[in-house]
Structure formats: structure tokens, C-alpha cells
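Have your viewer ready with a cartoon view and side chains you can switch on as you go. We will take this one selection at a time.

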Amino acid sequence: ATRFAANVQGLPEAVADADAAAAERALASVAAVNEDLDVIAAVSPDGRSLATLSRTADGITPHAGERWADAPPVRAVLAGVADGGGDKHAGLLRLVDGSAVLVVAAPVRVDNALVGSVVVGRRAGKIVDEAARRSGTVVALYDGSQARIASSDNSVRARVSPVAVGESRRERDVTGEAEVGRLVTGLDVRDRRVGTLSVTVPLGSAFDAVRQTAIRLGLLVALGLAAIVAIGALLSRNILQTVRPLLATNRALGRGELGARAPVLGNDELGELAEGFNQMAGQLEASYQQLERRVAERTEELQRLYRAREEFFASVSHELRTPLFAILANSELLTDPMLAPDNPKEQAEFLDTIHVSAQQLVTNVNDILDLARADATAVRLNLADVDVRTVLEEVTASVQALGRRDDVEVTLRLPAGVPTLIADRERFVQILLNLGSNAVKYTPSGGRVTISARAVGDTVEIDVADTGAGIAADVGDRVFEPYYVVAGAGQHGHPSTGLGLAVTKRLVDAHGGTISYTSRPTGTTFTVRLPCTAPAAPTPTNPSPNPAGGVRIQ
């Protein structure tokens with residue numbers, strides 16, 4: 001309001017010209033806009049009142065006789081005293097009519113030159129009455145000398161003790177027969193102490209209100225607790241009715257009754273829980289059935305492996321015992337003076353039988369050692385550049401020798417440009433010999449075995465095809481399992497131990513390749529695919545106790 005009054009149109013010029021009538025008209029417009037103001041004044045530079053308006057019950061009227069030069073806020077403004085709050089100054093004053101007023105004085109300037117001041121204020125009595133009405137307490141206002149200048153109740157003491165800046169003081173007093181509590185604090189306007197304010201309240205009525213509030217609050221809490229307990233009991237009963245079937249279903253599942261299901265009694269969270277529980281029970285039942293199937297399959301597989309092992313040991317015993325008996329029988333005949341033949345030709349036949357039986361024995365033992373070494377640890381490879389054409393020609397020559405013995409034709413088909421492999425030459429030869437001899441073994445007399453190779457991308461594919469009876473469709477990859485013997489074994493009188501293909505697959509895997517076969521009633525073709533680059537280093541699954549890889553019988 002002081003800023004508005006100091007800058008209202010026409011007032012600065014009226015103050016500068018000491019035009020009392022113009023100043024009064026300007027102040028009247030300020031009073032009309034600010035209805036809360038009780039006093040408005042324009043003051044000349046020497047502190048003389050040019051115009052003073054006072055609001056009464058009859059309206060806004062001129063007010064004469066005020067000596068504004070004696071008012072500290074006005075003196076401070078006219079003297080140009082600066083403070084932290086700017087150039088406005090406030091204070092509590094007594095007018096000539098005896099009323100106390102809280103005023104704020106501000107400078108009036110024209111072209112930044114001080115030409116006077118303007119004063120606006122509210123009567124202290126109205127301020128304390130309004131505060132008392134709003135708070136329901138007794139409010140009193142004291143000036144800088146701690147003398148009472150306004151009070152909402154005349155029973156309040158006339159003077160109070162001063163209060164330090166930034167502090168408040170609580171007091172207990174007896175007024176008449178009532179005990180009261182009083183809070184005394186400083187009244188600071190724009191960071192300047194202008195007076196003291198006290199607020200008084202009867203302690204009995206205050207505590208009665210607190211007690212009544214506490215009683216009401218206690219009753220509300222008690223009612224709330226009772227309602228919570230009742231609602232909790234109902235909810236608990238409802239939840240238990242829903243949970244009991246879940247517990248019964250859970251106990252039934254625990255007894256192994258996997259077909260038990262919980263009833264779904266609603267669409268709420270418990271119903272969703274029951275549905276989830278039933279879904280879990282269904283999954284458990286399905287998992288149990290799947291587990292039973294897997295156990296049955298595994299048991300059947302173990303039984304099959306047990307039978308295969310028994311068959312293997314029977315076959316190995318036969319294959320080892322037969323050449324051993326032949327060696328022992330012929331060696332005894334040669335060393336017995338009474339039975340040894342005198343004919344050199346007959347002696348040569350005995351020695352040839354011993355040699356062939358020994359070779360057969362060595363072959364069987366080598367197959368067993370190769371399989372054992374491959375199962376115990378990763379196959380060790382001595383990698384080098386291998387000329388595929390040269391190796392195939394050598395292997396074909398060896399297989400042809402076996403084929404001539406059994407009246408089986410063996411041919412080699414090699415296109416131009418077969419690449420070089422990075423492989424273990426000895427193991428590569430062993431792979432081809434196993435496949436070639438196996439093909440001859442299962443090819444009837446008059447049949448044919450064809451060995452061929454070709455380059456496919458960065459791999460070499462080698463086919464060994466025969467014209468035998470083929471392999472049944474339900475055999476699958478079991479042909480590569482140890483001890484497994486394909487039906488038809490024993491062609492040309494060469495029984496099989498079921499180790500050749502198992503060893504071959506492990507050697508192919510060690511080279512980073514693959515082996516597969518296709519079979520028809522008119523024959524079988526085994527295909528080996530080997531990469532032209534070096535395979536990744538194998539990781540032993542069970543380190544061999546012999547770092548050298550064991551001893552191979554030659």
C-alpha cells in the first residue's frame with residue numbers, strides 16, 4: 001500500500017509543490033482502493049502534514065493536528081536512513097486522538113529526488129480484535145516501552161517485560177478465578193522490533209477442548225479397532241473356507257494322489273490361487289508321468305546295454321579263444337616229436353595257420369584297446385598335411401587284398417583336384433581301413449565295394465559303399481555304439497565284435513568331422529566328412545593315466 005500510495009498519479013508532484021488539496025485528492029483514491037487502511041498521510045520534507053485522511057464509521061475524513069515529524073518511521077525516511085529492508089520504515093504510533101496505529105512510511109520521489117514521504121497504517125485495536133476473533137484468544141499489543149496500546153480484553157495486564165529478539169516467553173497467570181496461559185513474543189516489522197505481542201488463553205477451556213478431542217479420538221479408535229476385528233474375523237473365516245480345500249489337495253498330493261485338484265470357489269485372488277495350484281498339480285502329474293517314461297526308457301536302455309555287453313564279452317571271448325586255440329593246437333603239433341609232420345609243406349601250413357590266428361588276435365586286441373583309450377580320454381592326434389589321394393590308394397590296395405580272399409571286387413574312384421587334409425595320417429588310415437574291411441565283411445561273394453572321394457566346400461567327403469544286405473531302418477545311430485553288432489554279422493566267416501564303427505566314429509569326431517550312412521536292401525554307404533583345416537584342440541573328459549596314449553599292438 002505504501003508503494004502504491006507513493007506512486008499514485010499526481011501525488012509526487014503535489015508533495016513536491018506542497019499542494020495540500022491535490023495531495024488529499026490523490027490520497028482519497030488510495031483509500032478507496034485499499035479499504036483495510038485506517039490512516040493515509042502525505043508529509044512534506046520538513047515533516048509537516050500536507051494531508052492526512054482517517055477512516056471512521058462515517059467514511060474517510062481529513063484528520064488534522066498530527067505531528068508526523070515526531071514519528072520515528074517518518075524521521076527515518078526523511079533522513080534517508082538505509083536498513084536491510086530497503087527505504088521503507090515501520091512503527092507503532094499514537095495519534096492525537098489517543099488511538100494506536102501500526103504505520104509504514106515510504107519516500108516520495110520526483111526524478112529520483114526525495115520530495116517528501118507517504119504514511120499508511122492500520123489501527124492497532126482493529127488488528128488485535130481481528131486476531132482475537134479468528135484465534136478465539138485474548139490478544140494484546142504493546143509499544144516499544146512495553147506499555148499496552150491495544151487489547152481485545154481490558155483485563156490484560158498494562159505492561160509486560162521485554163522479550164529478546166528471536167525469542168518467545170510462556171507464562172502462567174491467574175485472572176479472576178481462571179488460570180490462563182500466555183505467550184509473549186516480539187512484534188518485528190521489516191526486521192525491526194516495533195513492539196510486543198501477547199496471546200492469552202484460559203487453560204481450563206483449552207485443556208477441555210483437548211480432553212474432548214482426545215475422548216472423541218479414543219472412541220473413534222475403539223470403534224475402528226472393533227470394526228477391524230469384526231471385518232478381520234469375517235475375512236479370516238472366508239479365507240479359511242477357501243484355504244482348507246487347498247490344504248486338503250496339498251496333503252493328497254503329498255500322499256502321491258497326483259490327480260487331486262482344488263475347487264475354484266470364486267474369481268478373486270484365492271480363486272486365482274486355486275487355479276494356479278491346479279495348474280501346478282497338472283504339471284506335476286505330467287512331469288511325473290514323463291519321469292516314469294524316462295525311467296522306463298532308461299531302464300530299457302540299460303538292459304539293452306547290459307545285453308550288448310554280455311553279447312560283446314561272449315563274442316570277444318569267442319574271437320580271442322578261437323585264434324588262441326588255433327595257435328596253441330598248431331604250436332603243440334609242431335613241438336611234439338611224435339605228432340610233428342616231417343613234410344615241410346605241412347609244417348608251412350601249420351605255421352601259416354599260427355600266423356593268421358596271431359594276426360586276427362592282434363586285430364581284436366587293438367580294437368578293444370582303441371575303444372578303451374577313446375572312452376578314457378580325448379584322442380591324441382599328430383596333425384600334418386595328408387595327401388588324400390595317396391592314402392586312399394594305399395588303403396584301397398589293402399582292402400582289395402581282403403576282397404580277393406572273399407571274392408569281393410574293390411574299386412577306387414577319385415576325381416581330379418582332391419584337396420590336402422590337415423589330419424593324423426595313421427588315424428586317417430585306420431578310419432578308412434575300418435570302413436573298407438567292414439564293407440568287405442558284410443558284402444557277399446561276387447559283390448562290390450566302391451571307395452570314392454570328392455571336395456565339398458572346405459571339406460572332403462569320402463564314401464565307402466557296398467552291395468550287402470543293408471542295415472535295418474530301426475537301427476539308426478546304434479551302429480556307432482560299442483558292442484552293437486548289425487544283423488548279418490559273420491559273412492565270410494568273420495564274426496564282428498561291434499567295435500570297429502564305434503572306434504571309427506570317435507576318430508572322426510576327434511578330427512572335427514562327421515560320419516553318417518544311408519542304407520538300402522541292396523547295400524549301405526558310409527560317408528565321412530572331414531574339414532580341410534586343423535580341428536579344435538579336444539578337451540579330455542577323463543584324463544588318461546598314460547600320457548603317451550597307451551601301447552598299440554603291431
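The tour below starts with the whole chain and then moves from one helix to the cores and the aromatic rings.

**The whole chain**

Keep in mind that this is a predicted model. With everything displayed, you are looking at 11 helices and 18 strands. Of the 554 residues in the protein chain, 37% are buried. Try colouring by atom type on a surface view: the accessible surface comes to about 30,900 Å², and carbon and sulfur atoms hold 55% of that. Among contacts with a separation of 6 or more, 58% join residues 24 or more positions apart.

**Select helix α3, residues 20-33**

Begin at the start of α3, where a side-chain oxygen of Asp19 comes to within 3.3 Å of the backbone nitrogen of Ala21. Then check the length of the helix: at 1.5 Å a residue, its 14 residues should span 20 Å, and the end C-alpha atoms are 20 Å apart, which agrees.

Which residues of α3 are buried? Show Ala22, Ala23, Ala26, Leu27, Val30 and Ala31 to see them. As you look along the helix, remember that an α-helix has 3.6 residues a turn, so residues three or four places apart point the same way. The buried residues of α3 pack against α1 (2-7), α2 (11-16) and the strands β1 (39-43), β2 (49-56), β3 (59-62) and β6 (113-123).

**Select the largest nonpolar core**

Next, go to Leu421, Phe428, Leu435, Val479 and Phe526, the residues with the most contacts inside the largest nonpolar core, which has 41 residues. Elements giving two or more residues to this core include α9 (388-405), β14 (420-424), β15 (448-456) and β17 (514-520). Which element gives the largest share of this core? That is α10, with seven residues.

Centre on Leu435 and show its neighbours: leaving out residues up to four places away in sequence, Leu435 touches Val464, Leu501, Thr504, Ile515, Phe526 and Val528. A second, separate core has 23 residues, and Ala5, Ala6, Ala23 and Val30 are among them. You have already met Ala23 and Val30 as buried residues of α3.

**Select Asn434**

Now step to Asn434, in helix α10 (residues 425-441). Is Asn434 buried or exposed? The cut-off for buried is under 20% relative accessible area, so Asn434, at 15%, counts as buried. Beyond residues up to four places away in sequence, Asn434 touches Gly500, Val503 and Thr504.

**Select Phe480, Tyr517 and Phe526**

Finish with the aromatic rings. The chain has three aromatic pairs by the ring-centre rule used here. Why is the pair of Phe480 and Phe526 edge-to-face? Their ring centres are 6.3 Å apart and their planes meet at 85 degrees, and planes over 60 degrees apart count as edge-to-face.

This pair also links distant parts of the chain: Phe480 sits in the loop between β16 (459-466) and α11 (500-510), while Phe526 is in strand β18 (residues 523-531), 46 residues apart. Phe480 is buried, with a relative accessible area of 6%, and Phe526 is buried with a relative accessible area of 6%.

Now add Tyr517. The rings of Tyr517 and Phe526 have centres 5.4 Å apart and planes at 35 degrees, so this pair is tilted. Tyr517 is buried, as is Phe526. Keep all three residues on screen for your last view: Phe480, Tyr517 and Phe526 form one aromatic cluster.

How values were computed:
Residues are numbered from 1 along each chain as its sequence is written. This is a predicted model: local features need pLDDT of at least 70, side-chain atom pairs count only at pLDDT 80 or more; totals for chains, interfaces and linings use all residues. Side-chain values use heavy atoms; hydrogens and water are left out. Rings of Phe, Tyr and Trp (its six-membered ring) pair if their centres lie within 6.5 Å; planes under 30 degrees apart count as stacked, over 60 as edge-to-face and the rest as tilted. Helices (H or I, at least four residues) and strands (E, at least two) are DSSP runs, numbered from the N terminus. Buried means under 20% relative accessible area, exposed over 50%, partly exposed in between (1.4 Å probe, protein chains only). Contact means heavy atoms within 4.5 Å. Accessible areas come from the Shrake-Rupley method with a 1.4 Å probe; for residues, only the protein chains shown count as cover. The expected span of a helix is 1.5 Å times one less than its number of residues. A polar contact is a pair of N or O atoms within 3.5 Å; within protein, one must be able to donate a hydrogen and the other to accept it, and residues adjacent in sequence count only if both atoms are side-chain atoms. A nonpolar core is a set of buried Ala, Val, Leu, Ile, Met, Phe, Trp, Tyr and Cys residues joined through side-chain atoms within 4.5 Å.
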